[in-house]
Amino acid sequence: MNLKTSAKVTTLGDAASGEIEKYFRNTIAHEAEVINDKDAEELHQMRVGLRRLRSAVTGFAPVLDWPKEASERKIGKVGRILGTLRDLDVMLESLQKRYYPNLPIDEQEVLDKALSNLLKQRRRALKKVRAVLEQKNYRSLKKSIENWLSKPQFRAIELLPIAEVLPDLLLPQVSEFFLHPAWLLGTKYEDGKVKVCDDLNESAVEEKLAAEGKILHELRKQAKRVRYLMNLFGDFYGPSYEGYVEDVKAVQECLGDIQDCEVLGDFLTDFVDSDLKKDLPKLADILAENRCAAWGKWQVLQTKYLISENRQGWRLALIHPAVEDAANVEAPQ
């Protein structure tokens with residue numbers, strides 16, 4: 001359903017049912033190929049579909065009379081099982097294509113054994129994915145969504161014009177994003193203002209990430225929630241809104257790069273059962289360089305959104321949807 005071209009979509013209920021159906025159909029379209037396991041992209045697309053479906057159910061929660069059999073928690077559980085397999089695919093591809101060719105022979109030999117270990121983990125994870133997609137609970141989840149889509153059930157605010165309620169749906173998540181303590185990581189107070197410490201060397205960045213890196217991972221998860229929520233409503237806003245979506249995507253990606261390096265480093269450290277720099281010194285250096293580069297990208301965005309005017313610009317964009325027809329629909333008395 002294309003919200004830009006549909007004259008019918010003016011109410012909160014219309015938007016909710018349209019978005020939920022779109023992401024539900026996108027998700028189940030990849031199900032058979034995920035079970036066949038011929039193309040890793042199919043798994044990725046199904047996982048993204050589940051995330052977006054979950055975001056739609058969460059984002060539209062105030063208007064939905066939603067079945068318990070398809071709760072946000074149950075959708076998330078399926079997504080996490082698929083996510084374990086997807087994370088292994090990403091790690092395998094990263095090791096094989098990004099790192100392996102740039103390592104000396106002795107480190108490649110160590111990596112060969114690590115890759116073999118990852119492939120065994122992947123086979124176990126695939127078995128769990130196939131099991132969950134064939135379970136009664138998953139079939140019940142799909143059936144309940146199909147039933148809801150055949151006759152959507154809403155709460156009383158269903159007929160409110162979408163343009164009137166968009167800020168109320170979006171601002172709480174964006175506010176939580178801005179209030180996250182990770183924005184203050186690697187900063188200092190100077191003359192009554194927060195200043196980003198942009199002169200940290202690679203060693204200092206490593207120390208900072210080792211001590212407080214988990215807080216960035218939490219911000220990454222919040223960025224993901226904000227991005228998927230904002231994607232639901234892009235058709236109701238103008239170009240400035242898309243710019244903020246791109247910024248939150250950039251936050252998610254650069255923090256994701258840091259997290260991916262951390263996860264990969266932890267796995268390899270456990271695998272060699274010693275200091276990574278001892279058994280895989282070249283790879284350890286590359287991972288540190290990549291973390292530092294991603295940290296630099298993060299600091300650019302951090303600096304931008306520690307400026308109050310930029311945060312306020314984002315809020316103002318959310319308050320003013322660019323949907324005249326929706327704004328002109330009278331709310332029911």
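This passage describes the overall make-up of a predicted protein model, the packing of two of its helices, and a selection of its salt bridges.

The protein contains 13 helices and two strands, and its C-alpha atoms fill a box of roughly 75 × 60 × 30 Å when this is taken along the principal axes. Of its 333 residues, 45% count as buried, while the area that the protein exposes comes to about 17,500 Å², of which carbon and sulfur atoms supply 49%. When contacts between residues at least 6 apart in sequence are considered, 81% of them join residues that are at least 24 apart.

One helix pair can be described in detail. Helix α8, which covers residues 202-232, packs against helix α9, which covers residues 239-272, at an angle of about 145 degrees, and the axes of the two helices are 8 Å apart. The crossing in which α8 passes α9 is left-handed. Sorted by class, the residues in this contact comprise 13 nonpolar, five polar and six charged ones.

Side chains of opposite charge can pair when their charged atoms come close. The structure holds 16 salt bridges, among them three that each link residues within a single helix. In helix α1 (residues 12-28), Glu-19 and Lys-22 are three residues apart and therefore separated by about one helical turn, and the closest N and O atoms of this salt bridge are 3.2 Å apart. The two partners are covered to unlike degrees, since Glu-19 has a relative accessible area of 1% and is buried, whereas Lys-22, at 26% relative accessibility, counts as partly exposed.

In helix α4 (residues 72-99), Glu-93 and Lys-97 lie four residues apart, which is about one turn of the helix, and their side chains meet in a salt bridge with an N to O distance of 3.7 Å. Here Lys-97 counts as exposed, with 62% relative accessibility, where the cut-off for that class is over 50%, and Glu-93, at 40%, counts as partly exposed.

Helix α8, already described for its packing with α9, also carries a salt bridge between Glu-218 and Lys-221, whose side chains meet at 3.2 Å, N to O. These residues are three apart in the helix, so about one helical turn separates them. Both partners are partly exposed, Glu-218 at 37% relative accessibility and Lys-221 with a relative accessible area of 32%. Apart from these pairs, Glu-21, Arg-25 and Glu-146 are joined into one network by salt bridges that share partners.

Note on methods
Residues numbered from 1 in each chain as written. Predicted model: local features only at pLDDT ≥ 70, side-chain atom pairs only at ≥ 80, totals over all residues. Heavy atoms only, no water. Axes fitted to C-alpha atoms, helices over the stretch in contact; angles between N-to-C directions. Left-handed = near helix turned anticlockwise from the far one by under 90°. Nonpolar A, V, L, I, M, F, W, Y, C, P; charged D, E, K, R; others polar. Buried < 20%, exposed > 50% of the residue type's maximum accessible area, 1.4 Å probe, protein only. Contact = heavy atoms within 4.5 Å. Areas by Shrake-Rupley, 256 points an atom, 1.4 Å probe, with all protein chains shown as cover. Salt bridge = Lys/Arg side-chain N within 4 Å of Asp/Glu carboxyl O.
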